[in-house]
Amino acid sequence: DKKDAMACTLSGGMKRKLCLGMAIIGGSEILILDEPTSGMDPESRRELWDMLLAWRREKTILITTHFMEEADALGDWIAIMANGSLQCHGTPMGLKKEYDTGYHLSLMVKDDATTEDKNKIKNCILSDIDMAEFKDCYGNNMVFLLPMEDNSKIAGLLATLEEDKEGLKIENISVTVTTLEDIFLKVKMQSETNSNHVPALNAEDTKSVTPDSKKLLQMRFKALFVKKLKFYKKKFWTYFLPTLSAAVFLVLTIYLSGNTIGNYGD
């Protein structure tokens, strides 16, 4: 129902779909998408994810996104940027292992739970798993960080908590694995910490990192030339035949014009 509508009248999500259609209509083997699902409803976002997952078998797709869930679902290889620079890159599982933040154990205690009850829960967890870390407590929720190496101990801890839920006044227990959002926050925190210790550049250092304008212009011209060359190579017959036809018609026009002028002269 939107096929005759102007692009400026479309909603944000519909404009994203239009941009995606424009990107794939040429049959390119490389797609560069900037936040393709921004402004879309959850159903449309899932449909687009399924399309991208199907296309990745035949296309190279580069996506920028602020949705960590989207990056985890679609990315075969993920690069994380913070403060304007590349911080890390790798497969989703590789990044989770490298920046291992462990399992997040969330406990919801009952409303009548006192500070003493919360301390009892904390002591119970820390006594079972030495490397466990108490992360936060907000309202009735207590969050602990458990290391991935102690899987057997974690299973035993969960069984203990489940058996003594009434005595510890625990209402609900949930465990979540490390997400890309946790990794991003950890990487960003490390980046901000490191940036506070970077020495200031003096005038001479600034000159040394300033690119040569002439060399930069040459690099841009070379990049555009190579891009056009590859494009014309891929679409050779599409452009060669019209060009050949135009050249033939031009030669015939010049030839016939010369004969016509010669006849008038006679």
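Is Lys-169 buried, partly exposed or exposed, and what is its relative accessible area? In this predicted model, Lys-169 turns out to be partly exposed, at a relative accessible area of 24%. The side chain of Lys-169 forms a salt bridge with that of Asp-117, with 3.3 Å from N to O. Because Lys-169 sits in the loop between α7 (165-168) and β8 (170-176) while Asp-117 belongs to helix α5 (residues 115-128), the pair ties together parts that are 52 residues apart in sequence. Asp-117 has a relative accessible area of 14% and is buried, so this salt bridge joins a buried acid to a partly exposed lysine.

Salt bridges in the model come to a count of 5, and the pair just described is one of them. Another is made by Asp-76 and Arg-56, whose side chains meet at 2.9 Å, N to O. Here too, distant parts of the chain are linked: Asp-76 is found in the loop between α3 (68-74) and β3 (78-82), and Arg-56 in the loop between α2 and β2 (60-64), with their positions 20 residues apart in the chain. Arg-56 is partly exposed, its relative accessible area being 37%.

A further salt bridge brings together the side chains of Glu-162 and Lys-165, at 3.9 Å from N to O. The cut-off for a salt bridge is 4 Å, so this pair is counted. Both partners fall in the partly exposed class: Glu-162 has a relative accessible area of 47%, and for Lys-165 the value is 21%. A residue is called buried under 20%, so Lys-165 is still classed as partly exposed.

Turning to surface charge, Asp-41, Glu-43, Glu-47 and Asp-50 together form a negative patch. One of its members, Glu-43, is placed in helix α2, which covers residues 42-55. Glu-43 is exposed, with 57% relative accessible area. Since patch residues must have over 30% relative accessible area and no salt bridge, the four acids of this patch take no part in the salt bridges described above.

Finally, the UniProt record, an unreviewed entry, carries the annotation "domain: ABC transporter" for residues 7-38. Within this stretch, helix accounts for 41% of the chain and strand for 16%. The C-alpha atoms at the two ends of residues 7-38 lie 17 Å apart.

Conventions
Residues are numbered from 1 along each chain as its sequence is written. This is a predicted model: local features need pLDDT of at least 70, side-chain atom pairs count only at pLDDT 80 or more; totals for chains, interfaces and linings use all residues. Side-chain values use heavy atoms; hydrogens and water are left out. Patches are made of residues with over 30% relative accessible area and no salt bridge: like charges are joined within 9 Å, nonpolar side chains (Val, Leu, Ile, Met, Phe, Trp, Tyr) within 5 Å. Accessible areas come from the Shrake-Rupley method with a 1.4 Å probe; for residues, only the protein chains shown count as cover. Lys and Arg count as positive and Asp and Glu as negative; His and the chain ends are not counted. The place of a charge is taken as NZ of Lys, CZ of Arg, CG of Asp or CD of Glu. Helices (H or I, at least four residues) and strands (E, at least two) are DSSP runs, numbered from the N terminus. Buried means under 20% relative accessible area, exposed over 50%, partly exposed in between (1.4 Å probe, protein chains only). UniProt positions are given in the numbering used here, feature names are shortened, and annotations may be inferred rather than shown by experiment.
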